[in-house]
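Biologist: Before we discuss the fold, could you put the sequence and the structure in front of us, and then explain the terms as they come up?

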Amino acid sequence: MAMSLCDDTLLCNFPKCRAKLYGFAWVTACSHVFCDQHGSGELSRSPAICPACSSALSGKFDIVRTELSPSEEYKAMVLAGLRPEIVLDISARALAFWSYQVHQERMYQEYSLSRAETQVKQMQKVLTQQNQTRELELNAIRGEVASLKKMMEEYKRKYSEVSERLMERNRQYQKLQGLYDSLRLRSMVGVGEREPPPPPPPPGFVQQASPQASPQFLSIGPQGESKRFSCLDPDANKTFFQFSSPPRHRGHPFLKKH
C-alpha cells in the first residue's frame with residue numbers, strides 16, 4: 001500500500017526490512033531513514049555508507065538519531081529562539097524529507113507491483129503452455145482410451161463367439177458321451193449272455209497222450225508205403241526193425257578182416 005502524506009508512520013529504507021518505524025530512527029543527509037536496529041548496525045561504521053543508495057556519510061550531521069515521538073518539552077524548546085525564516089526553512093526541509101519518503105515508497109510499491117505483474121504474466125504463460133501440453137496429453141489419452149474400448153468390444157465379441165462354440169462342443173460331447181455309455185452298456189449285456197470261448201493254448205504247448213493208448217509212430221515200408229505202429233504192439237519189434245533196418249547184402253562192413 002502506498003504511503004500518503006496523512007500517514008504518520010515511515011518505513012525503514014533497509015531493503016530487507018521495510019518495517020514501520022517507532023521509538024528512535026536514524027536519518028541520513030541523503031533523505032533515507034532506518035530503524036534503530038539497522039541504523040545502529042549499518043551506520044556505526046567508519047566511514048558510514050548508506051544501505052539504501054550507497055552514499056558516503058562522512059559529515060558531522062550526515063547521520064542523526066532522532067526520536068520519532070518527542071516529548072512536549074522537547075517540542076517547545078527545539079525551535080525556540082530561532083527566527084521565523086529559520087523555523088520555516090527547517091519545516092520546509094522536514095516536509096521535503098517526508099514528501100521524498102512518500103514518493104520513494106510509492107515508487108517502490110509500483111516497482112513491486114510491476115515485478116509482481118511480470119511474474120504473474122510469466123506464470124500465466126507457463127500455465128497456458130502447461131495447459132496446452134496437458135490438453136494434448138489428455139487428447140492422446142482419450143484416443144488411447146477410445147482405442148482400448150474398441151479392442152475391448154472386439155475381445156468381448158470374440159469371447160462371446162468362443163463361449164457359444166464351446167457350449168456347442170460341450171453339448172456335442174455330452175451327446176456322444178451318452179451314446180458311448182449306451183453302447184458300452186449293450187456290449188456288456190451281450191457278453192454276459194454268451195458263454196465265453198475257451199482261451200487258446202499258449203505257444204509251444206503239447207498235449208500229453210493217455211496212458212492206456214500207446215504213442216503212434218510212422219514207418220515207411222520197402223515199397224514206399226507208410227504205416228503207423230505202436231510200441232506196445234507184440235509185433236511192433238519185428239515190423240519196426242524190418243522196415244527200418246537195411247538188408248544185409250546191401251550193407252558194407254565197417255571193418256575188413258585181414
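Modeller: Let me begin with a definition: two strands count as paired if DSSP finds at least two bridges between them. Please keep in mind that this is a predicted model.

Biologist: How many helices and strands are there in the protein?

Modeller: Read along the sequence, the protein follows the pattern β-β-α-β-β-β-α-α-β-β-α. Counted from that order of elements, the protein has 4 helices and 7 strands.

Biologist: In what order do the 3 strands of the open sheet lie?

Modeller: Strand 1, residues 24-28, is joined to strand 2 by 3 bridges, and strand 1 also pairs with strand 5 over 5 bridges. The edge strands, each pairing on one side only, are strand 2 (33-35) and strand 5 (63-67), while neighbouring strands of the sheet are turned by 30° against each other on average, direction ignored. The pairing is antiparallel, and the order of the open sheet is 2-1-5.

Biologist: Which residue in strand 2 stands opposite Val-27?

Modeller: Strand 1 and strand 2 run antiparallel, and the bridge partner of Ala-25 in strand 2 is Cys-35. Val-27 has a partner in strand 5 as well, where it stands opposite Val-64. In strand 2, the residue opposite Val-27 is Val-33.

Biologist: Which residue in the turn of the hairpin formed by strand 1 and strand 2 has a positive phi?

Modeller: The hairpin of strand 1 and strand 2 leaves 4 residues between the two strands. The residue in question is partly exposed, with a relative accessible area of 23%, and its phi, near 70°, is a positive value in a residue other than glycine. Its place is in the loop between strand 1 and strand 2, and its name is Ser-31.

Biologist: Is Ser-54, in the loop between strand 3 and strand 4, buried or exposed?

Modeller: Ser-54 sits in the loop between strand 3 (48-49) and strand 4 (56-57), and its phi is near 60°, again a positive value in a residue other than glycine. The relative accessible area of Ser-54 is 56%, and the cut-off for exposed is over 50%. Ser-54 is therefore classed as exposed.

Biologist: Which residues does Ile-63 touch, not counting those up to four places away in sequence?

Modeller: Ile-63 lies in strand 5, and its C-alpha atom is separated by 9.5 Å from that of Val-33, 30 residues apart along the chain. In the protein, 40% of the contacts with a separation of 6 or more are between residues 24 or more positions apart. With residues up to four places away in sequence left out, Ile-63 touches Trp-26, Val-27, Leu-43, Ala-48 and Leu-57.

Biologist: How many disulfides does a search of the whole structure find?

Modeller: A disulfide is a covalent bond between the sulfur atoms of two cysteines, and the cut-off used here is a pair of sulfur atoms within 2.5 Å. The sulfur of Cys-17, a residue that is partly exposed with a relative accessible area of 23%, is 3.9 Å from the closest cysteine sulfur, in Cys-12, which is too far for a bond. The sulfur of Cys-30 is likewise too far for a bond, because its closest cysteine sulfur, in Cys-50, is 3.5 Å away. The search of the whole structure finds a number of disulfides equal to 0.

Biologist: Which element supplies the largest share of the lining of the largest pocket?

Modeller: The largest pocket holds about 1200 Å³ of space, and its lining consists of 29 residues, with Val-27, Thr-66, Ile-90, Ala-94 and Phe-97 nearest its centre. At least two residues of the lining come from each of strand 1, strand 5, helix 2 (72-78) and helix 3 (84-193). The largest share, 7 residues, comes from helix 3.

Biologist: What percentage of the 258 residues of the protein count as buried?

Modeller: A residue counts as buried when its relative accessible area is under 20%. Applied to the 258 residues of the protein, this criterion gives a buried share of 13%.

Conventions: Residues numbered from 1 in each chain as written. Predicted model: local features only at pLDDT ≥ 70, side-chain atom pairs only at ≥ 80, totals over all residues. Heavy atoms only, no water. Axes fitted to C-alpha atoms, helices over the stretch in contact; angles between N-to-C directions. Buried < 20%, exposed > 50% of the residue type's maximum accessible area, 1.4 Å probe, protein only. Contact = heavy atoms within 4.5 Å. 1 Å grid on protein atoms, 1.4 Å probe; cavity = no way out; pocket = protein on both sides within 12 Å on 5 of 7 lines; lining within 4 Å. Points joined across faces, edges and corners; volume = space filled by probe spheres on them.
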